[in-house]
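Notebook open. I went through this one piece by piece and jotted down what I looked up.

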Amino acid sequence: MGSDFPTQARVVIIGGGVVGCSVAYHLTKIGWKDVVLLERRRLTCGTTWHAAGLIGQLRATLNMTRLAQYTADLYRTLEAETGQATGFKQNGSLSVAADSERFEELKRGASMARNFGLAVEVIGRDELLRLWPLINAEDVVGAVFLPKDGQGNPVDSTMALAKGARMGGAAFFEDTKVTGIQTRNGHVTGVVTPRGAIRAEYVVNCAGMWGREVGRMCGVNVPLHACEHFYIVTEHIADLPPNLPVLRDTGAGAYFKEDAGKLLVGGFELSAKPWGMDGIPEDFCFDRLPADFDHFLPVLKGAIHRVPMLETAGIHTFFNGPESFTPDDRYLLGEAPELRNFFVAAGFNSVGIQSAGGAGKVLAEWIVEGHPPMDLWDVDIRRMAPFQGNSRYLYERAKEVLGLLYAMHWPYRQFETARGVRQSPLHERLAANGACFGEVAGWERANWFAPAGIAPEYRYSYKRQNWFPYAAQEHRAVREAVALFDQTSFAKFLVQGADAERVLQHICANDVAVPVGRIVYTQWLNHQGGIEADLTVTRLAENTFLIVTGGAVAGHNRNWLQRNISTGANAVVTDVTSAYAVIGLMGPNSRALLSEVADADVSNEAFPFGTAREIDVGYAKVRAFRVTYVGELGWELYVPCEFARGVFDALMAAGDPYGLKLAGMHAQDSCRIEKAYRHWGHDITGEDTPLEAGLAFACALRKDLPFIGLDALLRQKELGVKKRLVQFALEDPEPLLYHSEPIYRDGEMVGYLTSGNYGHTLGRAIGLGYVRHPDGVDAQFVKAGRYEIEIACERFPAAASLRPLYDPGNLRIRC
């Protein structure tokens, strides 16, 4: 460890666990040598030292899987590079299912793994017993084997990363607690310790379960909470095969790992025990928490059922130690939106060892290059809302998220804890009409409506869930009559000032120099041409624009907007999300209904598509926007919150003759996917360009409008694209699509679905996904192929189209 304490560094890393050491290692690999890592006590002494060391590679998305693959490859080679062993062995992993639904989940994961380039095998009992002879397989329906997964020693792996970083020039200081963060003009400038201050260009918060506390030193929100995590280690077991794969029985909440002739058995119980609510003890260092055998007993009983010899093996160690969890079970990575050059890598939700290599690599590249090297929205810290740092919220949510790691990952599964945080003014009225609510960014949103006598509760399945027929009725109301959506969760930003138009012309890919009252659909692009936001910009006045975007991406989009306003520009951003409720009135009868309650001419001639005006509805003055996300004639009504219930009541009172029906987010999604409308974060991301996504019509590709990303788009237009977003419709009306299902063209895998739902008008499941080919993808290439979609390891024929399968000429929305 270092001896001469520095007063200046290019990068200061706070925290000496596996993630902090990985960030230091990868910064030095890029060539940055002026790197200082500060550890409050000893390297690994927080969570890393007691991690189980499971190194799986299949994650929920392609990029997260790529990072886990990189981590495994890194651990495999670190010893040769540094001379420090990591204990890594590539013995594979097994996941077993004792019921058909869990086996379908495993098979869907296997299909996804193949698409992500992972070796995977779906196996039966005989092969399972050969790979894991100690298992009780009597009730096992099926299993999945990932032969390239493995395990390692967390402490040794961390020490190898630390040694590699020091070999590259980094300095490490233990027993050095950071007590303050220095800032100036919205930038981090250094850290304060008892040994003195260090000036720094960049500071990286890798403080693990102390990450929230470190963030609060400089006003950065790092929502995480520690939970107790339990495992046992058996006595030595004679003839225990050393090459046993890691075994997961997620139905029992248990995992099993061979550990030097013993079995390590851990688990993720459904209701966890949050820890550290009153702060973490100052002297915490390699500490264990008090044993709670009763709490762990249900997991242990399930483990004994799966591996009966555990009943007589004897327990050598009963361990309980803290690990940190985030509100959505995904870690926090990236530059903090509140403070420039302050980066975070924390809250790893029990997957820190298997994530550390990849997370450290991409964060180092983000720091050096000034932008993320790939789409990292899954873990981007900008997804977190300010309220999620609330201690009570974190305490309640932490009880649930630990258990969700091994719970069924049902489609549309909703969090059950820390609910009711953000509610629309219409919430009680929707609830009284049978709304079943889901939660996005804290917002309670009506996902579907239960008829009288039906409980508005989810019954989850990979097949048609209990709400399927009710959402189908809502969908048909949108297509055939009129439906009312509560869209209050939209994020809404005013951009005002003499330079507002100039600023937005630089940020928006479309031309926003339009007359007052015009709505512009546009993307915001990064310098590589990737889509950072997908939204509308409406000119309300000469120097006033309203930006409307999804509630889940509010923090990301606000940060992107503010960071790209040039210094000195006369433009101010104001978040007005809470000022307005939004009522969506959608369907062929929407004009007739709106005409009855409004004092304005809403004919096509007087109120054309893509325009906005103030009108009176009931007793309120509202802004009516003629736009749609469902592919039908309709309006979004922006209503001051105190008037929202009155407007809702007026519409409902007049609605029966027009077939008005309340509709939820599931119906909205099934309508939008029939129309092939894109969804940011799924169908379009920072890695996808408008040319690839079929959104060139929303870009002003003119040299006189030099928006961010224009040069990249012009180069790509000249060279052609290697992928195109395509809409697919299964021929068989029975299977359902969700996301990540592999796409086959003429028997060859060419991509995967980015989103899917059932199209009730088209009568079959619909998906969107990119078709890829190294020699380029054009309309002829798409049309010439024969397509199949793989669902749970079974392929189904599908039709493919570059044009929307529903109303390709946009006749219904412009009537």
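I started with Y460, which comes out partly exposed at 22% relative accessibility. My cut-offs: buried is under 20% relative accessible area, exposed is over 50%, and partly exposed is in between, with a 1.4 Å probe and protein chains only. Y458 is buried at 14%.

A note on ground rules. This is a predicted model, so local features need pLDDT of at least 70 and side-chain atom pairs count only at pLDDT 80 or more, while totals for chains, interfaces and linings use all residues. Residues are numbered from 1 along each chain as its sequence is written, and side-chain values use heavy atoms, with hydrogens and water left out.

**Rings**

I looked up how Y458 and Y460 sit relative to one another after checking the total, which is 35 aromatic pairs in the structure. The Y458 and Y460 pair is stacked, with 5.3 Å centre to centre and 15° between the planes. For the record, rings of Phe, Tyr and Trp (its six-membered ring) pair if their centres lie within 6.5 Å; planes under 30 degrees apart are stacked, over 60 edge-to-face, and the rest tilted. I then followed the ring pairs outward and got a cluster of W410, Y412, W448, Y458, Y460, Y462, W467, Y470 and Y738.

Next I looked for charges over rings (NZ of Lys or CZ of Arg within 6 Å of the ring centre and within 35 degrees of the ring normal). K723 has its charged end over the ring of Y770, 4.6 Å from the centre. R745 lies over the face of F781, 3.7 Å from the ring centre.

**Helix α17 and what comes after**

Which residues of α17 are buried? I found M665, H666, A667, Q668, D669, S670, C671, R672, I673 and E674 on the list. That is 10 of the 10 residues, so α17 is largely enclosed by the rest of the structure. Helices here are DSSP runs of H or I with at least four residues, strands are E runs with at least two, and both are numbered from the N terminus. The buried residues of α17 pack against β22 (443-449), α12 (468-480), β23 (482-486), β34 (723-730), β36 (748-759) and β37 (764-772).

From β36 I picked out Y758. Y758 is buried, at 9% relative accessible area. Its C-alpha lies 8.3 Å from that of I673, although the two are 85 residues apart along the chain. Leaving aside neighbours within four places in sequence, Y758 is in contact (heavy atoms within 4.5 Å) with R464, F468, S670, P733, L736, G763, R764 and A765.

A676 follows α17 and has a positive phi, near 60°. I flagged it for a reason: most residues other than glycine have a negative phi. A676 sits in the loop between α17 (665-674) and α18 (690-693), and it is buried at 6% relative accessible area.

I found another positive phi at D807, near 50°. D807 is in the segment after β39 (794-801) and counts as buried at 13% relative accessibility.

**Helix α14**

I checked burial in α14 (residues 554-563) too. 7 of its 10 residues are buried, so α14 is largely enclosed by the rest of the structure. The buried ones are A554, G555, H556, N557, N559, W560 and L561. Their cover includes β24 (491-496), α13 (500-507), β25 (519-525), β26 (531-541), β27 (544-549) and β28 (572-575).

**Helix crossings at α2**

How do α2 (residues 62-82) and α9 (residues 352-369) cross? I get axes that come within 7 Å and an angle of roughly 100°. That makes α2 roughly perpendicular to α9. My axes are lines fitted to C-alpha atoms, for helices over the stretch in contact, and angles run from 0 to 180 degrees between N-to-C directions. Under 35 degrees counts as roughly parallel, over 145 as roughly antiparallel, 65 to 115 as roughly perpendicular, and the rest as oblique.

I listed the α2 side as L67, A68, Y70, T71, L74 and Y75, which meet I353, Q354, S355, A356, G357, G358, A359, K361 and V362 in α9. By class, that contact has 9 nonpolar, 5 polar and 1 charged residues. The classes: Ala, Val, Leu, Ile, Met, Phe, Trp, Tyr, Cys and Pro are nonpolar, Asp, Glu, Lys and Arg are charged, and the others, Gly among them, are polar.

Last, I looked up α1 (residues 18-30) against α2: the axes come within 14 Å and cross at roughly 70°. That makes α1 roughly perpendicular to α2. V18, Y25, H26 and K29 in α1 meet Y70, L74, Y75, L78 and E81 in α2, a contact with 6 nonpolar, 1 polar and 2 charged residues.
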